Amino acid sequence: MSHFEVTATDGAARAGILRTAHGEVRTPVFMPVGTKATVKTLDPDELRALGAELILGNTYHLHFRPGDELIAELGGLHRFMGWDGPILTDSGGFQVFSLRDTLLKLDDDGVTFRSVYDGATARFTPELAQRIQANLGSDIAMLLDVCPPAGVARHELAEAVRLTTAWAERQVDAPRAAGQLRFAISQGAADEELRRRSIEELVPLGYDGYALGGLSVGEDRETMFRATEAAAPLLPADKPRYFMGIGDPEGILRVFQAGIDMVDCVLPTRTARTGSALTRTGRINLKNARFARDDAPIDPECACPACLRFSRAYIRHLLNQEEILGLRLVTLHNLRFLIDLSGGAREAIAQGRLAAYVDHALESLRGDG
């Protein structure tokens with residue numbers, strides 16, 4: 001049986017089922033990020049209750065703290081963090097290249113950098129990135145790639161494409177955990193020719209899924225959407241397509257429309273820690289004084305624990321007093337909001353009405369909150 005099945009289409013958009021060693025995932029799907037083997041402030045049972053089907057772990061951070069070999073010794077990442085559902089681990093490449101002030105050397109064999117934890121010199125190679133993820137035992141392992149920031153010269157983008165392909169060729173036969181799927185990551189930013197070249201070089205290698213990397217890293221939004229619309233159809237139709245690092249409601253919906261199946265982002269959890277809540281009529285800052293006497297829920301249409309039980313006024317009080325419950329409640333809400341938004345898109349694709357669903361959602365998001 002194939003690990004991925006498209007069950008419905010609506011224009012370029014797809015709904016499907018991704019089968020992993022730890023269960024099935026319905027796509028399109030939003031994936032909460034659990035950088036250090038935890039989605040910040042939440043328990044795995046709470047994630048399940050929110051509807052989360054697939055979460056992320058961070059190869060870079062888990063390699064350094066507490067160590068992937070220690071996690072393997074303790075039974076793997078699922079057992080370590082108490083989550084029995086599917087887990088995707090990134091390759092660590094994004095962290096290495098986004099922390100550019102720690103970057104020491106990039107060559108054909110790998111990348112040398114200073115650890116953000118103790119400043120010690122460290123090195124990642126494609127083989128090491130795969131070995132770390134085999135130790136973690138994730139359901140989906142991402143390949144090590146070169147992810148340049150927005151605005152670099154074209155020759156840098158071309159070199160990122162070349163190295164990413166060369167590294168992918170080396171990871172094809174690297175040992176993996178039992179049942180572990182592996183996804184390659186295309187590069188090329190918004191340069192259509194380089195993106196096409198990257199995809200054309202990676203697809204023949206026969207990976208289990210393909211991601212668009214190097215977008216949503218600071219480039220103009222419409223440029224990003226156009227690049228996604230051009231690149232998604234070039235990816236294999238019978239394998240999952242993953243847009244790395246997008247988490248705002250409009251962005252999620254528009255890349256789903258372009259044919260993307262999987263997205264992830266720290267936005268819902270990170271903004272929650274600043275008191276910012278996602279709602280159907282736009283983002284609101286619950287720390288603002290205008291919510292001091294507001295007895296309405298964050299979003300009256302939401303069925304998350306925060307909205308079912310507490311008022312904006314109460315959550316504002318918690319946030320302004322730096323009570324941990326406030327951070328937890330907004331985190332629960334933001335994740336449920338994006339999980340529900342993605343589930344609604346999935347249902348709309350199956351019913352052939354995604355365009356109307358997206359139009360209604362975007363019109364509502366332009367409200368004043």
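Biologist: Which residue lies over the face of W83, and at what distance from the ring centre?

Modeller: Happy to start there, with the reminder that this is a predicted model. A charge counts as sitting over a ring when CZ of Arg is within 6 Å of the ring centre and within 35 degrees of the ring normal. The residue over the face of W83 is R48, at 4.6 Å from the ring centre.

Biologist: Let's move to the aromatic rings. How many aromatic pairs does a search of the whole structure find, and is the pair of F64 and F124 stacked or edge-to-face?

Modeller: The search of the whole structure gives eight aromatic pairs. One of them joins F64 and F124, with 6.4 Å centre to centre and 10° between the planes. Planes under 30 degrees apart count as stacked, so the pair of F64 and F124 is stacked.

Biologist: Where in the chain do F64 and F124 sit, and how many residues apart are they?

Modeller: F64 belongs to helix α2, while F124 belongs to strand β9 (residues 121-124). The pair therefore links distant parts of the chain, and the separation is 60 residues.

Biologist: Are F64 and F124 buried or exposed?

Modeller: Buried means under 20% relative accessible area. F64 has 17% and F124 has 1%. Because both values fall under that cut-off, F64 and F124 are each buried.

Biologist: And which kind of pair do F310 and Y314 make?

Modeller: Their ring centres are 5.3 Å apart, with the planes at 25°. Y314 is partly exposed, at 32% relative accessible area. Since an angle under 30 degrees is what counts, the pair of F310 and Y314 is stacked.

Biologist: Which residues form one aromatic cluster?

Modeller: F64 and F124, the stacked pair from before, both belong to it. The full cluster is Y60, F64, F113, Y117 and F124.

Biologist: Now the strands. How many bridges does β2 share with β1, and how many with β3?

Modeller: Strand β2 (residues 13-20) has seven of its eight residues buried. It forms a hairpin with β1, with two residues between them, and another hairpin with β3, again with two residues between. Both pairings are antiparallel. The counts are six bridges with β1 and five with β3.

Biologist: Which residues are the bridge partners of D10 and G16?

Modeller: For D10, the partner lies in β2 and is A13. For G16, the partner lies in β3 and is T27.

Biologist: Which peptide bonds are cis?

Modeller: Most peptide bonds are trans. One cis bond leads into P28, in the loop between β3 and β4, and another leads into P66, in the loop between α2 and α3. Omega is near 5° for the first and near 5° for the second. The bonds are T27 to P28 and R65 to P66.

Biologist: What is the phi of T41, and what is that of S216?

Modeller: Most residues other than glycine have a negative phi. T41, in the loop between β4 and α1, is partly exposed at 30% relative accessibility. S216, in the loop between β12 and α9, is partly exposed at 31%. Phi is positive in both, about 80° for T41 and about 55° for S216.

Biologist: Last one: which residues form a nonpolar patch on the surface, and what is their accessible area together?

Modeller: One member is L70, in helix α3 (residues 68-73), which counts as partly exposed at 35% relative accessibility. The patch is L70, L74 and F80, together about 230 Å².

Terms used:
Residues numbered from 1 in each chain as written. Predicted model: local features only at pLDDT ≥ 70, side-chain atom pairs only at ≥ 80, totals over all residues. Heavy atoms only, no water. Buried < 20%, exposed > 50% of the residue type's maximum accessible area, 1.4 Å probe, protein only. Helix = DSSP H or I, 4+ residues; strand = E, 2+ residues; numbered from the N terminus. Pairing = 2+ DSSP bridges. Patch = residues over 30% accessible without salt bridge, like charges linked within 9 Å, V, L, I, M, F, W, Y side chains within 5 Å. Areas by Shrake-Rupley, 256 points an atom, 1.4 Å probe, with all protein chains shown as cover. Salt bridge = Lys/Arg side-chain N within 4 Å of Asp/Glu carboxyl O. Phe/Tyr/Trp six-rings, centres within 6.5 Å; stacked < 30°, edge-to-face > 60°.
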